[in-house]
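Got the model open in your viewer? Keep the selection box handy, and let's walk through it stop by stop.

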Amino acid sequence: MILLSIDIQKGITDARLYNYESFVKNSQLLIDAARKKGVEVIHFQHDDGPGTGFSAGDEDFEIAPVVAPLKNEKRFVKNINSCFGNKDFEKYLAQINEKELMIIGLQTNFCIDATVKSAFERGFTVIVPQGANSTFDNAYMNKETTYKYYNEMMWPKRFAKCVALEEALAMLKR
């Protein structure tokens with residue numbers, strides 16, 4: 001199994017997120033558990049392009065200190081929602097022949113959803129721990145409804161195993 005920490009970046013990791021404090025705490029618990037058990041943690045950063053304020057070299061682009069990568073952990077940059085848009089990441093997964101991904105991060109309705117579905121379409125077993133992804137209010141749904149729509153209706157029994165935090169932690173310890 002590999003733990004993907006997606007887009008937990010300075011510019012969007014703040015109190016505007018649904019269940020912000022729980023999201024941060026749960027993400028930290030999962031990353032710490034993975035590290036202790038030798039499960040690889042891979043970090044992703046979304047790059048909106050030069051001049052957007054959310055690109056390489058911009059403060060908001062940097063990974064939030066609450067989940068700062070260790071020096072030996074891989075980082076990949078992507079410029080589309082799905083992590084699979086980064087071909088180096090896809091090549092890396094093919095090289096190590098890993099077929100189980102635990103996915104945490106931001107935002108539920110953008111990069112997390114796109115990565116969950118892309119991974120599923122490529123034959124990966126996808127695990128989404130409860131409370132370890134989040135999002136903001138949008139023009140169509142508030143952040144709580146958006147979170148629940150994906151985590152409780154869209155992904156379970158279709159694209160991912162959506163599991164309680166305790167179960168996810170136990171999965172990392174096997």
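This is a predicted model, and the tour goes from strands to helices, then to some backbone oddities and the pockets.

**Stop 1: the parallel strands**

Select residues 2-6, which are strand S1, and then 40-46, strand S2. S1 and S2 run parallel, with five bridges joining them. For one place where they meet, click on Ile6: opposite it in S2 stands Phe44. Now add helix H1, residues 20-36. Together S1, H1 and S2 form a β-α-β unit, and it is right-handed.

Stay on S2 and bring in strand S3, residues 74-78. This pair is parallel too, again with five bridges. Pick Ile42 and look across to S3, where its bridge partner is Lys74. How many of the residues in S2 are buried? Six of the seven, so call this strand mostly covered.

**Stop 2: a serine in H1**

Go back to H1 and select Ser27. Is Ser27 buried or exposed? Its relative accessibility is 1%, and because the cut-off for buried is under 20%, Ser27 counts as buried. Try the distance tool from here to Gly85: the two are 58 residues apart in sequence, and their C-alphas are 23 Å apart in space.

**Stop 3: helix H3**

Next, select 108-121, which is H3. This helix has 14 residues and spans 18 Å from first C-alpha to last, close to the 20 Å expected at 1.5 Å a residue. Colour its buried residues: Thr108, Asn109, Cys111, Ile112, Asp113, Thr115, Val116, Ser118 and Ala119. As you look at their spacing, remember that an α-helix has 3.6 residues a turn, so residues three or four places apart point the same way. After H3 comes Gly123, with a positive phi near 90°.

**Stop 4: backbone oddities**

Most residues other than glycine have a negative phi, and most peptide bonds are trans. Here are some spots that go the other way.

- Zoom in on Leu106 and Gln107: the peptide bond joining them is cis, with omega about -25°. Gln107 sits in the loop between strand S4 (100-106) and H3.
- Select Asn19, in the loop between S1 and H1. Its phi is positive, about 50°, although Asn19 is not a glycine. With 44% relative accessibility, Asn19 counts as partly exposed.
- Move on to Asn97, in the loop between helix H2 (87-96) and S4. Asn97 is not a glycine either, yet its phi is positive at about 55°. At 61% relative accessibility, Asn97 counts as exposed.

**Stop 5: the pockets**

Turn on a surface. Rolling a probe the size of a water molecule over the atoms shows where empty space is left.

To find the largest pocket, select Gln130, Gly131, Tyr147, Asn151 and Glu152, which lie nearest its centre among 17 lining residues. Its volume is about 220 Å³. Two or more lining residues come from each of H1, strand S5 (125-129), helix H4 (143-154) and strand S7 (161-163). Which of these gives the largest share of the lining? That is H4, with four residues. By type, the lining has eight nonpolar residues, seven polar and two charged.

The second largest pocket holds about 180 Å³ of space. Its lining includes Asp7, His46, Asp48 and Phe54, and also Leu106 and Gln107, the pair joined by that cis bond. Phe110 and Cys111 line this pocket as well. Overall, its lining divides into five nonpolar, five polar and two charged residues.

Terms used. Residues numbered from 1 in each chain as written. Predicted model: local features only at pLDDT ≥ 70, side-chain atom pairs only at ≥ 80, totals over all residues. Heavy atoms only, no water. 1 Å grid on protein atoms, 1.4 Å probe; cavity = no way out; pocket = protein on both sides within 12 Å on 5 of 7 lines; lining within 4 Å. Points joined across faces, edges and corners; volume = space filled by probe spheres on them. Nonpolar A, V, L, I, M, F, W, Y, C, P; charged D, E, K, R; others polar. Buried < 20%, exposed > 50% of the residue type's maximum accessible area, 1.4 Å probe, protein only. Pairing = 2+ DSSP bridges. Right-handed = clockwise from strand over helix to strand, strands pointing away. Expected span 1.5 Å × (residues − 1).
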